[in-house]
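Please keep the model open while you read this note. Take the points in order and find each element as it comes up.

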Amino acid sequence: MKRIVVVGASAAGLAAVETLRREGYDGTLTLVGEESHLPYDRPPLSKQVLAAEWEPDRVALRTPADLAGHDLDLRLGVAATGLDLAAQEVSLSDGAQVPYDGLIIATGVRPRRLPGEGAHVLRTLDDALTLRERLGPGRRLVVVGAGFLGAEAAAVAWRLGAKVTLLEPASVPLSHAVGEQVGQVLAQAHVDHGVNLRTGVSVTEVTDEGVRLGDGEEVEADEVLVAIGSLPNTAWLADSGLSVGDGVVCDEYCEAARNVFAAGDVARWYNPLFGMSMRIEHRTNAAEQGMAAARNLLNSQARKAFAPVPYFWSDQYDMKIQAHGYLRGHDEVAVVEGDLGERRFVAAYRTGDRLAGALAVGMPPKAIRGWRSAIAAGVTWQEAVHGATTV
Amino acid sequence: MKVELDEPKCVASGQCVVAAPDVFDQRDEDGVAILLEEHPGAELVRDVREAVAVCPAAAIRLVEQ
């Protein structure tokens, strides 16, 4: 293998190129990134960057010197526009055609938007810097979508003194992800801090004055942030012949076609630990999957299935939320430590007869690592939560 | 080899402890990483590189001296 192209220069793409070099690959290594920035970290964008606690240079994932040490053919500010599997070539927006022997697709996701102009989204460093210029005491911010991103942004804006309205179509925010009871606990934190949380409302468009709701009501705002989820960046693969359906479809080795792999937010792969296909938009998964894809590309005779326990965290107000495992589609939730009302607890999630996940709020992070091990070991629900109270 | 931990960046995920348990631990109270071995031996370098790679906050650097 003499030419490897990695498309996407964020956490997954960076992990891929670093792993390739670390594992001894010394051929041409092209890293393509649509943004002009060197690889940077996204979780702080809705936390320290939005709060103006960190300046932009603090989110750099590596120093320029560290990157230079990898002898990369670095192409930033350039998007991939097409893939020809037969010719083994990637087309770029600057007109270049880049041939490859191995390809790793890590093009991530983009925010879903609403009809109408003038709303913010929060995906890139530039998005975060633009929004933070507009926040401050007394400013009216409407956040559309009370998922983790919207909730974090609402919490930061509240801390900056903004008047925050949080609009959510579901009756309980995040209930599809964490269950109703835990979702209610997280929702209550917004209410307790004086954020105007309105659930069960759909937003149809962004207007000059704010946003319009499904029933015609207009909610006025100085700034609108739309945080209603993401879409995988797969448009450039439409005519490639790769299987694309809510992400680049891969096997358990993260392989989408011979010597073509995908990693990070854009990858939908079969996770044998859970026996299902999944696409995970977590920061840790991006790095782990970038590494796994790189190793499987280089070691085609000794490939390893990528079978991680997903992990995410979220910081909202004074709460630290941490979760291990795959919570979506769970059948049951049980509080196994602490107390929901005190916002200090561990909740375990059952899918079938297995422990599928655990979510902790306000608990010592070290204490929940045991849950991660139990999920990785595939323990049964009975073993995991013996004696705990079902909610 | 020297390991550098940017403690204020740490998000307490514990990924480093999973990757390199001989080099990292977590504080009991808030989970922030603790560096057990600032100058790990050669036999631990592979684990430390793994920890650098999986840290979701880019809070660990391995400086080759």
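The points below cover the chain contact, the domains, two sheets and one helix.

1. Start with the status of the model. It is predicted. Every value in this note is therefore a value for a predicted model.

2. Look at where the chains meet. Chain A puts 18 residues in contact with 14 residues of chain B. Three elements of chain A give two or more residues each to that side: helix 1 (11-22), helix 7 (283-298) and strand 22 (311-316). Which of them gives the most? Helix 7 of chain A does, with 5 residues.

3. Now sort that side of chain A by residue class. Where chain A touches chain B, 9 residues are nonpolar and 7 are charged. Another 2 are polar.

4. Next, the domains of chain A. Domain 1 is written in two pieces, 3-110 and 230-302. Domain 2 covers 113-226, and domain 3 covers 318-390. Trace domain 1 with care, as its second piece comes after domain 2 in the numbering.

5. Compare domain 2 and domain 3 of chain A. Their centres, taken over C-alpha atoms, are 28 Å apart. The contact between them takes 8 residues from domain 2 and 9 residues from domain 3. On the domain 2 side, helix 5 (175-178) and helix 6 (180-192) of chain A each supply at least two residues. Helix 6 of chain A has the largest share of that side, 4 residues. By class, the domain 2 side has 5 nonpolar residues, 3 polar residues and no charged residues.

6. Find the sheet made of strands 4, 5 and 6 of chain A. It is open, its order is 4-5-6, and the pairing is antiparallel. Why do strand 4 (80-84) and strand 6 (97-99) of chain A each have one side without a neighbour in the sheet? They stand at the edges, so each has a single partner strand. From one strand to the next, the twist averages 25°.

7. Stay with that sheet and check its pairing. Strand 4 of chain A is joined to strand 5 (residues 89-92) of chain A by 4 bridges, and the two run antiparallel. One pair to locate is A:L83 with its bridge partner A:V90 in strand 5 of chain A.

8. Move on to strands 12, 13 and 14 of chain A. They form an open sheet in the order 12-13-14, with antiparallel pairing. Strand 12 (203-206) and strand 14 (218-220) of chain A are the edge strands, and each pairs on one side only. Here the twist averages 25° from one strand to the next. Between strand 12 and strand 13 (residues 210-213) of chain A there are 3 bridges. A:V203 has A:L213 in strand 13 of chain A as its bridge partner.

9. Finish with helix 4 (residues 148-159) of chain A. This helix has 12 residues. From its first C-alpha to its last it reaches 17 Å, close to the 16 Å expected at 1.5 Å a residue.

10. Is helix 4 of chain A largely enclosed or largely open? Of its 12 residues, 11 are buried, so the helix is largely enclosed by the rest of the structure. Among the buried residues are A:F148, A:E152 and A:W158. Their cover includes strand 9 (140-144), strand 10 (163-168), helix 6, strand 15 (223-226) and strand 22 of chain A. Just after helix 4 of chain A, A:G161 takes a positive phi of about 95°.

Definitions and conventions. Residues numbered from 1 in each chain as written. Chains lettered and ligands numbered in written order. Predicted model: local features only at pLDDT ≥ 70, side-chain atom pairs only at ≥ 80, totals over all residues. Contact = placed C-beta atoms within 7 Å. Nonpolar A, V, L, I, M, F, W, Y, C, P; charged D, E, K, R; others polar. Domains from an automatic or database assignment. Pairing = 2+ DSSP bridges. Axes fitted to C-alpha atoms, helices over the stretch in contact; angles between N-to-C directions. Expected span 1.5 Å × (residues − 1). Buried ≥ 20, exposed ≤ 12 C-beta atoms within 10 Å, placed from the backbone.
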